[in-house]
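Q: Could you go through this model with me, one helix at a time?

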Amino acid sequence: MQTLDSTFAALADPTRRAILMRLAKGDSTVMELAKPFQMSQPAISRHLKILEEAGLISTTIRAQERPRRLETAPLKKATDWIEKYRQMWEKRYQALDGLLEELQAIQTNGDQ
């Protein structure tokens, strides 16, 4: 079962985030995914395993190839979780802006 913990743990690594960005453009094989990185194919495969365990990618079968595909459902869950907190902070900033406007109005009226 994919959880937010496994999603965020997988996203914590810049190489894994870069792999996901590449997969957002389309399915890719391990060899294609490994090209831009200066690391061994087994190292890339370890990153892919973590991404797959987190449910962020899946492996398909196409003839002799095993291309990886981006799975967006875990990213949507993470985005929804972050969005709740963004909305909460936005409401708090709006309340703070309102308070600052009241204080400025009081100060302006006091100066006159």
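A: What follows looks at one helix and its surroundings. This is a predicted model, in which local features need pLDDT of at least 70 and side-chain atom pairs count only at pLDDT 80 or more, while totals for chains, interfaces and linings use all residues. Residues are numbered from 1 along each chain as its sequence is written, and side-chain values use heavy atoms, with hydrogens and water left out.

Q: Which residues of α2 are buried?
A: In helix α2, residues 14-24 (helices being DSSP runs of H or I, at least four residues, numbered from the N terminus), the buried ones are Thr15, Arg16, Ile19, Leu20 and Leu23, where buried means under 20% relative accessible area and exposed over 50%, with a 1.4 Å probe and protein chains only.

Q: Why are they on the same side of α2?
A: Because they cover an arc of only 140° around the axis, taken from the directions from the helix axis to the C-beta atoms; on the other side of α2, Pro14, Met21 and Ala24 are exposed.

Q: OK, and what does Leu20 touch?
A: Leaving out residues up to four places away in sequence, Leu20 touches Leu11, Leu51, Leu56, Ile57 and Leu70, a contact being heavy atoms within 4.5 Å.

Q: At what angle do α2 and α4 pack?
A: They pack at about 75°, with axes 10 Å apart, the axes being lines fitted to C-alpha atoms over the stretch in contact and angles running from 0 to 180 degrees between N-to-C directions. The contact is made by Thr15, Arg16, Ile19 and Leu20 of α2 with Ile44, His47, Leu48, Ile50 and Leu51 of α4.

Q: What comes after α2?
A: Gly26 follows α2, with a positive phi near 150°.

Key
Helices (H or I, at least four residues) and strands (E, at least two) are DSSP runs, numbered from the N terminus.
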